[in-house]
Amino acid sequence: MKRLLPALLCAALPSMPLAADRPDGIAAAETIAKAAFGADCDMNGMPEVPMAGPDDEGYGHSVYRFTYKPDYNPDGPAVEAELFQLFCGSGAYNIRHAFVLKKSDEETPKLIAFATPDLDYAYADEEMNTLKAAPKVCGFRATGLLVNASFNEKTRTISSHAAWRGIGDAWDSGDWIFRNGDFILTRFEVDPTYGDPDPAAESYVVYEAGK
C-alpha cells in the first residue's frame, strides 16, 4: 500500500480584498505562520513579501475582509473577519500558502488547519500508471499548508491544487468552505496515477460532503 504524500448563516456583505499596501495585521499573521512552519514558510527569503496583485499567481500575500452571523448567536452583532492568505514559499511548480483568520469576537488571530483525507492505495504496475482499486479513506489529518491555493470571495471557499510533479499528471485538490467561523472540507479529489499522455488521466473524488 502507498499513502498519499502531503505536497497539505453568513451576512450578505461581499468579501473585499484590502489595499495594495501592507495592511494592519499582516506582520502578526506572518509571525504566526513562520513560528508554526519554520523553513516550510521562509517566504523564499524575502525580507518583506509584497501584497499580491490580480496577475501575481499567488506570489504574494492577500487579505480579505467579510462579516458573518454565527449560528450560536444569530440575533447578536455580525462578526467581522479578516482572512490572511500568506505566501510561504515556492518550488519549481508549486506554491505553498498558509492562512490566518482574525475574528472580531476573538482577541488573537489563529492559524487555520485544514482537514485532508489520509488515503491508502496500491499501484497495479511498476510505472504507477494504474491502481489496483480506488483509493480508500482510512482517516483524516490536519495540515496548515495548502499548495497552489486560492480564495473564492463569492462562495467563501478556499481551494488547493497540488501537482505531484511538473507535468501535472498526478495531483490532488481540495475545497474548504467558510461555515460558522471555520473552514470545513467539502470535497477532495486525487489522481495518483502517472503517465502522459497515455494512459488517460483517472481521478477519484475520495470525499464529498453529504455523500
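The following dialogue works through several features of a predicted model.

User: Let us begin with covalent cross-links. What is a disulfide, and how many does the count come to here?

Analyst: A disulfide is a covalent bond between the sulfur atoms of two cysteines. In this predicted model, the count comes to one disulfide. Cys41 is joined to Cys88, with an S to S distance of 2.0 Å.

User: Which parts of the chain does the pair Cys41 and Cys88 tie together?

Analyst: Cys41 belongs to the loop between helix H1 (26-37) and strand S3 (62-68), while Cys88 sits in strand S4, so the pair links parts that are 47 residues apart in sequence.

User: Why is the disulfide of Cys41 and Cys88 described as left-handed?

Analyst: The handedness is read from the torsion about the S-S bond, which is about -70 degrees for Cys41 and Cys88, so this disulfide is left-handed.

User: Are Cys41 and Cys88 buried or exposed?

Analyst: Both Cys41 and Cys88 are buried. Another cysteine, Cys138, counts as partly exposed because its relative accessibility is 42%, which falls between the limits of 20% and 50%.

User: I turn to aromatic rings. What describes a pair of them?

Analyst: A pair of aromatic rings is described by the distance of the centres and the angle of the planes. The count for this model comes to twelve aromatic pairs. One of them is formed by Phe151 and Phe183, whose centres are 6.4 Å apart and whose planes are at 75 degrees, an edge-to-face arrangement.

User: Where do Phe151 and Phe183 lie?

Analyst: Phe151 is in strand S10 (residues 150-152) and Phe183 in strand S13 (residues 182-191), so the pair ties together parts that are 32 residues apart in sequence. Phe151 is buried, at a relative accessible area of 9%, and Phe183 is buried at 8%.

User: How should the rings of Trp164 and Tyr194 be read?

Analyst: Their centres are 6.4 Å apart and their planes stand at 50 degrees, so the pair is tilted. Trp164 is in the loop between strand S11 (157-163) and strand S12 (171-179), and Tyr194 is in the loop between S13 and strand S14 (204-208), so the pair connects parts that are 30 residues apart in sequence. Trp164 and Tyr194 are both buried.

User: Which residues form one aromatic cluster?

Analyst: The cluster consists of Tyr64, Phe66, Tyr68, Phe151, Phe178 and Phe183.

User: Next, the sheet. In what order do its five strands stand?

Analyst: The order is S10-S11-S12-S13-S14, in an open sheet with antiparallel pairing. S10 and S14 are at the edges with a single partner strand each, so one side of each has no neighbour in the sheet. Ignoring direction, neighbouring strands are turned by 20 degrees against each other on average.

User: How many bridges join S12 to S13?

Analyst: Nine bridges join these antiparallel strands. As one example, Asp175 has Arg187 in S13 as its bridge partner.

User: Finally, how is the setting of a single residue such as Asn94 read, and where is Asn94 found?

Analyst: One begins with its place in the chain: Asn94 is found in the loop between strand S4 (79-90) and strand S5 (95-103). Asn94 is buried because its relative accessible area is 15%, under the limit of 20%.

User: With which residue does the side chain of Asn94 make a polar contact?

Analyst: The partner is the side chain of Asn148, at 2.9 Å. Apart from neighbours within four places in sequence, Asn94 is in contact with Gly89, Val147, Asn148, His161, Ala162 and Ala163.

Definitions and conventions. Residues numbered from 1 in each chain as written. Predicted model: local features only at pLDDT ≥ 70, side-chain atom pairs only at ≥ 80, totals over all residues. Heavy atoms only, no water. Helix = DSSP H or I, 4+ residues; strand = E, 2+ residues; numbered from the N terminus. Buried < 20%, exposed > 50% of the residue type's maximum accessible area, 1.4 Å probe, protein only. Polar contact = N/O pair within 3.5 Å; in protein donor to acceptor, adjacent residues only side chain to side chain. Contact = heavy atoms within 4.5 Å. Disulfide = S-S within 2.5 Å. Phe/Tyr/Trp six-rings, centres within 6.5 Å; stacked < 30°, edge-to-face > 60°. Pairing = 2+ DSSP bridges. Axes fitted to C-alpha atoms, helices over the stretch in contact; angles between N-to-C directions.
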